[in-house]
Amino acid sequence: YAGYLNVDEVEDVEKEWDRIAKILNVSKSELKENILPLQALYSIAEHSRALLVALNDGALPSNVGGEYNLRILARRTFGFIQKYNWNISLIDVCKWHAEYLKPLYPELSENLDSVSKILKVEEQKYLQAQEKSRQVLNKILTTEITPQKLIELYDSQGISPELVKEAAAKI
């Protein structure tokens with residue numbers, strides 16, 4: 001049923017969660033509680049492999065161009081690790097990929113030190129961005145949040161609507 005939960009292929013993913021939960025005879029919250037952590041783990045595995053290959057090839061995460069995708073992959077991975085409070089190191093996962101893929105792509109093991117340094121810098125930037133986002137949200141959550149404000153926050157500060165929602169729920 002996982003294919004039915006692809007947000008790019010269904011009109012209303014929440015309805016699909018409801019439908020699948022009914023088919024499996026579980027509550028939607030129970031289904032999500034079991035599935036979402038697995039989705040996060042698979043995402044970490046996929047994102048880390050993509051990061052390993054790209055960083056090994058000399059690409060650097062950035063705020064512009066295709067390299068912005070690398071930054072998004074790294075931050076999404078750090079976010080999953082943080083959200084589920086997992087004791088997982090993105091660098092270790094990249095090392096595991098390099099070791100596993102060594103028979104086919106031995107070059108992935110050659111630049112692991114550089115990949116590790118880049119990922120450490122990205123993790124620090126992610127943590128700094130998280131702190132800055134918290135400060136911005138603390139200031140603006142006392143005002144009305146309009147769709148235009150959400151777009152502005154995302155475009156200018158990189159603060160997603162989901163992060164605004166989570167912060168607002170804590171108030």
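**Stop 1: Asn56**

Select Asn56, which is buried, with a relative accessible area of 10%. Buried means under 20% relative accessible area, so a value of 10% puts Asn56 in that class. Before going further, please keep in mind that this is a predicted model.

Asn56 is found in helix 2. Now show what surrounds Asn56. Leaving out residues up to four places away in sequence, Asn56 touches Leu51, Glu107, Leu108, Asn111 and Val115. Pick Glu107 from that list and check the distance between C-alpha atoms: Asn56 and Glu107 are 51 residues apart along the chain, and their C-alpha atoms are separated by 8.0 Å.

**Stop 2: step back to the whole protein**

Zoom out and colour by secondary structure. How many helices and how many strands does the protein have? There are 7 helices and 0 strands. Starting at the N terminus, the elements read α-α-α-α-α-α-α.

The C-alpha atoms fill a box of roughly 50 × 45 × 30 Å, taken along the principal axes. Of the 171 residues in the protein, 30% are buried. Contacts across the sequence also matter for this tour: among contacts with a separation of 6 or more, 51% are between residues 24 or more positions apart.

**Stop 3: helix 2 and helix 5**

Select residues 28-56 for helix 2 and residues 112-140 for helix 5. Two packed helices are described by the angle between their axes and the distance between the axes. Here the axes come within 10 Å and cross at roughly 115°. Helix 2 and helix 5 are therefore roughly perpendicular to each other. The crossing of this pair is right-handed.

Which residues make the contact? On helix 2, show Leu51, Leu52, Leu55 and Asn56, your starting point. On helix 5, show Leu112, Val115, Ile118 and Leu119. Sorted by class, this contact has 7 nonpolar residues, 1 polar residue and no charged residues.

**Stop 4: helix 5 and helix 6**

Keep helix 5 on screen and add helix 6, residues 147-157. The axes of helix 5 and helix 6 come within 12 Å and cross at roughly 155°. That makes helix 5 roughly antiparallel to helix 6. This crossing is right-handed.

Turn on the side chains where the two helices meet. From helix 5 you want Lys132, Val136 and Ile140, and from helix 6 you want Lys149, Leu153 and Gln157. By class, the contact of helix 5 with helix 6 has 3 nonpolar, 1 polar and 2 charged residues.

**Stop 5: aromatic pairs**

Next, hunt for rings. A search of the whole structure finds 3 aromatic pairs, and we will visit two of them.

Begin with Tyr1 and Tyr4, which form a tilted pair with 6.3 Å from centre to centre and 35° between the planes. Are these two residues buried, partly exposed or exposed? Tyr1 counts as partly exposed, at 48% relative accessibility. Tyr4 is also partly exposed, at 44%.

Now select Phe78 and Tyr126. They form a tilted aromatic pair too, 5.6 Å centre to centre with 40° between the planes. Phe78 lies in helix 3 (residues 67-83) and Tyr126 in helix 5, so the pair ties together parts that are 48 residues apart in sequence. Phe78 counts as buried, with 6% relative accessibility. Tyr126 is buried as well, at 7%.

**Stop 6: Ser43**

Go back to helix 2 and find Ser43 there. Is Ser43 buried or exposed? At 15% relative accessibility, Ser43 counts as buried. Setting aside its neighbours within four places in sequence, Ser43 is in contact with Ser48, Arg76 and Phe80. Show those three side chains to see what surrounds Ser43.

**Stop 7: Lys22**

Finish with helix 1, residues 13-24, where Lys22 lies. With 72% relative accessibility, Lys22 counts as exposed, whereas Asn56, where you began, is buried.

For a last distance, select Gly65 along with Lys22. These two are 43 residues apart along the chain, and their C-alpha atoms are separated by 43 Å. Set that beside your first stop: Asn56 and Glu107 are 51 residues apart along the chain, with C-alpha atoms separated by 8.0 Å.

Technical notes. Residues are numbered from 1 along each chain as its sequence is written. This is a predicted model: local features need pLDDT of at least 70, side-chain atom pairs count only at pLDDT 80 or more; totals for chains, interfaces and linings use all residues. Side-chain values use heavy atoms; hydrogens and water are left out. Axes are lines fitted to C-alpha atoms, for helices over the stretch in contact, and angles run from 0 to 180 degrees between N-to-C directions. Helices (H or I, at least four residues) and strands (E, at least two) are DSSP runs, numbered from the N terminus. Angles under 35 degrees count as roughly parallel, over 145 as roughly antiparallel, 65 to 115 as roughly perpendicular and the rest as oblique. A crossing is left-handed if the near helix is turned anticlockwise from the far one by less than a right angle, and right-handed if clockwise. Contact means heavy atoms within 4.5 Å. Ala, Val, Leu, Ile, Met, Phe, Trp, Tyr, Cys and Pro count as nonpolar, Asp, Glu, Lys and Arg as charged, and the others, Gly among them, as polar. Rings of Phe, Tyr and Trp (its six-membered ring) pair if their centres lie within 6.5 Å; planes under 30 degrees apart count as stacked, over 60 as edge-to-face and the rest as tilted. Buried means under 20% relative accessible area, exposed over 50%, partly exposed in between (1.4 Å probe, protein chains only).
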